[in-house]
Amino acid sequence: MKRRIAIVFGGRSAEHEVSCVSARSVLDALDPERYEAIPIGVTKEGRWHLIEAGPPALPAGSGSLPQVTSESGPEVALDQEPEARALIAPDGSRTEIDVVFPVMHGPFGEDGSIQGFLEMAGVPYVGAGVLASAVGMDKAVQKVLFRAAGLPVVEHEVVREREWEEDPEGVEARAAHLGYPLFAKPATLGSSVGVTKVHGPEELRRALEGTFRYGRKSLLERSVEGAREIEVAVLGNDDPVASIAGEIVPRHEFYDYEAKYLDEHGAELLIPAPIDAQTLEEVQRLAVAAFRAIDCAGMARVDFFLPPDARVLVNEVNTIPGFTSISMYPKLWEASGLPYPELIDRLVELALERHERERKRGASR
Ligand SMILES: Nc1ncnc2c1ncn2[C@@H]1O[C@H](COP(=O)(O)OP(=O)(O)O)[C@@H](O)[C@H]1O
Ligand SMILES: [Mg+2]
């Protein structure tokens with residue numbers, strides 16, 4: 001019997017468009033013999049629509065990115081009756097589902113919100129649970145857990161909007177202590193949205209105020225100058241395994257939003273990363289350790305900085321990594337011997353396995 005897999009994409013975050021592109025690739029990779037795809041687009045207002053045609057394709061050569069709109073298909077809601085596993089349309093018609101693959105980056109999709117919503121409805125879903133998703137979305141909190149697990153992270157300061165308003169001199173002093181150049185970033189976004197390199201104190205105000213447009217908590221980080229950017233994919237539940245490593249070589253000043261999604265020559269992906277065997281072993285070990293440190297499940301991409309003459313540093317964990325056909329996560333698995341369609345099978349299996357285990361435990365909780 002075919003599995004009915006609901007691919008949920010779009011959503012309320014600044015990474016809406018990127019999510020559409022990722023979801024399109026996931027859909028295209030599904031084996032139609034084995035899966036019935038149920039594409040669900042979430043508008044920027046948060047409404048769910050059943051979109052038969054799947055995620056909107058990339059408008060050719062326009063430099064703009066696709067978006068879900070309410071015209072794309074009928075609105076649906078998830079049946080919240082535990083274990084009902086169905087979508088309901090306003091006319092009462094139901095669409096049964098077996099598993100959900102949330103292909104949504106950023107707040108509401110990757111931060112535990114939708115994961116909690118799916119837990120309540122008793123629907124199995126691909127990827128990390130509520131806790132790991134929330135931690136994976138918060139660059140400040142994940143660093144606390146990394147440190148507690150003995151993983152090396154870059155020197156940084158957490159700055160809250162209120163602190164900046166009430167004591168800018170204090171924040172400036174902390175920034176000076178880290179030293180310039182530094183990076184300012186919103187604590188809870190991805191895709192380099194709101195990330196700026198701050199070259200000197202005169203640029204701090206503008207950069208920090210830019211980050212607070214996205215949330216009340218930001219990070220200042222010492223810039224790891226000349227660092228290479230290495231990424232490792234992790235897959236599994238209780239026995240996570242690491243892929244080979246890849247390297248990102250940005251053509252921009254750093255790996256910014258444009259380099260990631262708009263400029264097709266914005267960055268080069270080197271797979272495998274040209275690193276020695278010892279460094280590879282180290283990043284693979286750290287990738288699994290970082291996955292465990294946040295109590296992750298299913299999948300994650302773990303990103304590293306490799307400074308010229310120092311030890312490797314863990315930058316961040318992404319619990320819903322990019323899934324476009326040129327994205328690092330599926331590419332790393334492909335190069336490790338797991339083709340894209342099999343990767344999706346594996347992710348679905350892991351989702352069902354985790355759900356089944358928790359459901360059995362349910363009676364005794
Ligand atoms: N401390 C740092 N030192 C050097 N480069 C950095 C640093 N922090 C971020 N960058 C650059 O900015 C990019 C985006 O930052 P990152 O923390 O990975 O945020 P995001 O979650 O948006 O990907 C990185 O890929 C890297 O190119
Ligand atoms: Mg990143």
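In this predicted model, the meeting of domain 1 and domain 2 involves 23 residues of domain 1, which are in contact with 17 residues of domain 2. On the domain 1 side, the elements that contribute two or more residues are β1 (3-10), α1 (16-29) and β7 (99-102). Of these, α1 gives the most, with 6 residues. Sorted by class, the side of domain 1 that touches domain 2 comprises 14 nonpolar, 5 polar and 4 charged residues.

The two partners belong to a chain for which the domain assignment gives three domains. Domain 1 covers residues 3-125, domain 2 is assembled from 136-152 and 225-354, and domain 3 spans 156-222. In sequence, the residues of domain 3 thus fall between the two segments of domain 2. The C-alpha centres of domain 1 and domain 2 are 24 Å apart.

Within the second segment of domain 2, which runs over 225-354, strand β12 (residues 228-236) offers a convenient point of entry. β12 is joined to strand β15 (residues 298-306) by 9 bridges, and the two strands run antiparallel. One of the residue pairs in this arrangement is L235 with M299, the latter being its bridge partner in β15. β12 also pairs with strand β13 (residues 241-250), again in the antiparallel sense, through 6 bridges. Here V232 has A245 of β13 as its bridge partner. β12 and β13 together make a hairpin, with 4 residues between the two strands.

Domain 3, at 156-222, may be followed through its strands. An open sheet of 4 strands is arranged in the order β8-β11-β9-β10, with antiparallel pairing. β8 (156-160) and β10 (196-198) each have a single partner strand and stand at the edges, so one side of each lacks a neighbour in the sheet. From one strand to the next, the twist averages 25 degrees.

At the β10 edge, strand β9 (residues 182-186) pairs with β10 over 3 bridges in the antiparallel sense. F183 has K197 as its bridge partner in β10. Helix α7 (residues 204-211) packs on this sheet, where it touches β8, β9, β10 and β11 (217-222). The direction of α7 makes about 25 degrees with that of β9.

Technical notes:
Residues numbered from 1 in each chain as written. Chains lettered and ligands numbered in written order. Predicted model: local features only at pLDDT ≥ 70, side-chain atom pairs only at ≥ 80, totals over all residues. Domains from an automatic or database assignment. Contact = placed C-beta atoms within 7 Å. Nonpolar A, V, L, I, M, F, W, Y, C, P; charged D, E, K, R; others polar. Pairing = 2+ DSSP bridges. Axes fitted to C-alpha atoms, helices over the stretch in contact; angles between N-to-C directions.
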